[in-house]
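Let us walk through this model one element at a time. Keep the sequence and the coordinates open side by side.

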Amino acid sequence: MAMAVARVEKQYHCMAFSTQFMPLAITPEMSLDQVLQHTQRLPFGGTDCAVPMQWALRNNLDVDTFVVFTDSETWFGNELPVQALRRYRREINPDARLAVVAMSSSGFSIA
C-alpha cells in the first residue's frame, strides 16, 4: 500500500508506527523486495493510531488526509485517535480527514 501511495501521490510521508513514529524511506523506484527488506527490520509494538496526528501537530505539518493501514490491532496511549484528529483540526487544518484501512475485520472502528 505504501508503494502505491509513493507512486501516485506528489506529496506524501510514509511512516510506520507502533508506540513511536518512524519514517519509511519508501520511494516510487523501490521494488517490493526492497520495501519488504526495509520494513521487516522495524521494531513494532502496540498500535497507537493517534500518533500520526500527534506527530503532524508537533511538526506543524499541514496534512489534508491521514491514511492509516492496520491489521485492525489498536492500542492508545494518552489520547484517542478521534481526539487527536479533533485537536489537529482545531490547531492546524479544520478540513483534515482520517481514513483507516483495516486489512482484517475486528467489527469495530476507531475513526
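In which strand is Val67 found? Val67 sits in strand β3. Keep in mind that this is a predicted model. With a relative accessible area of 43%, Val67 is partly exposed, because the partly exposed class runs between 20% and 50%. Val67 also belongs to a nonpolar surface patch. The other members of that patch are Met1, Phe69 and Met103. Together the four make a patch of about 390 Å².

Now step back to the overall layout. The protein has four helices and four strands. Read from the N terminus, the order of elements is α-β-β-α-α-β-α-β. Of the 111 residues in the protein, 34% are buried. The accessible surface comes to about 7,200 Å². Carbon and sulfur atoms own 51% of that surface. How do the contacts spread along the sequence? Take contacts in the protein between residues at least 6 apart in sequence: 69% of them join residues at least 24 apart.

Return to Val67, this time for the largest pocket. Val67 is among the residues that lie nearest the centre of this pocket, along with His13, Cys14, Met15 and Phe69. The lining counts 39 residues. Which elements give two or more residues to that lining? They are α1 (2–8), β1, α2 (32–40), α3 and β3. Strand β3 supplies the largest share, six residues. The space in the largest pocket is about 1,400 Å³. Val67 and Phe69 thus appear twice: both belong to the nonpolar patch, and both are listed nearest the centre of the pocket.

Strand β1 is one of the elements in the lining, and Ala16 is a good entry to it. Ala16 has its place in β1. Is Ala16 buried or exposed? At 7% relative accessibility, Ala16 counts as buried, because the buried class takes in residues under 20%. Residues up to four places away in sequence left aside, Ala16 touches Phe21, Met22, Leu24, Leu42 and Phe44. A C-alpha distance adds to this picture. Ala16 and Pro43 are 27 residues apart in sequence, and their C-alpha atoms lie 9.5 Å apart.

Next comes helix α3, which spans residues 51–58. How many of its eight residues are buried? Seven are, and the helix is mostly covered. The buried residues are Val51, Pro52, Met53, Gln54, Trp55, Ala56 and Leu57. What covers them? The cover includes β1 (15–17), β2 (21–23), β3 (65–70), α4 (81–91) and β4 (97–102).

Two residues of α3 show this cover in detail. Start with Ala56, which has its place in helix α3. Ala56 is buried, at 0% relative accessibility. Neighbours within four places in sequence aside, Ala56 is in contact with Leu61, Val63, Phe66, Tyr88 and Ile92. Ala56 and Phe66 are ten residues apart along the chain, and 9.7 Å separates their C-alpha atoms.

Gln54 is the second example, also placed in helix α3. At 17% relative accessibility, Gln54 counts as buried. Which residues does Gln54 contact, beyond its neighbours within four places in sequence? They are Glu79, Ala84 and Arg87.

Two of those partners lead on to a charged pair. Side chains of opposite charge can pair when their charged atoms come close. Glu79 and Arg87 meet through their side chains in a salt bridge, at 2.9 Å from N to O. A search of the whole structure finds one salt bridge. Glu79 is buried, with a relative accessible area of 11%. Arg87 counts as partly exposed, at 25% relative accessibility.

Finish where α3 ends. Asn60 follows α3. Asn60 is found in the loop between α3 and β3. What is notable about its backbone? Phi of Asn60 is near 50°, a positive value in a residue other than glycine. Asn60 counts as exposed, at 61% relative accessibility, because exposed means over 50%. The buried residues of α3 thus give way to an exposed residue in the loop.

Conventions: Residues numbered from 1 in each chain as written. Predicted model: local features only at pLDDT ≥ 70, side-chain atom pairs only at ≥ 80, totals over all residues. Heavy atoms only, no water. Buried < 20%, exposed > 50% of the residue type's maximum accessible area, 1.4 Å probe, protein only. Contact = heavy atoms within 4.5 Å. Patch = residues over 30% accessible without salt bridge, like charges linked within 9 Å, V, L, I, M, F, W, Y side chains within 5 Å. Areas by Shrake-Rupley, 256 points an atom, 1.4 Å probe, with all protein chains shown as cover. 1 Å grid on protein atoms, 1.4 Å probe; cavity = no way out; pocket = protein on both sides within 12 Å on 5 of 7 lines; lining within 4 Å. Points joined across faces, edges and corners; volume = space filled by probe spheres on them.
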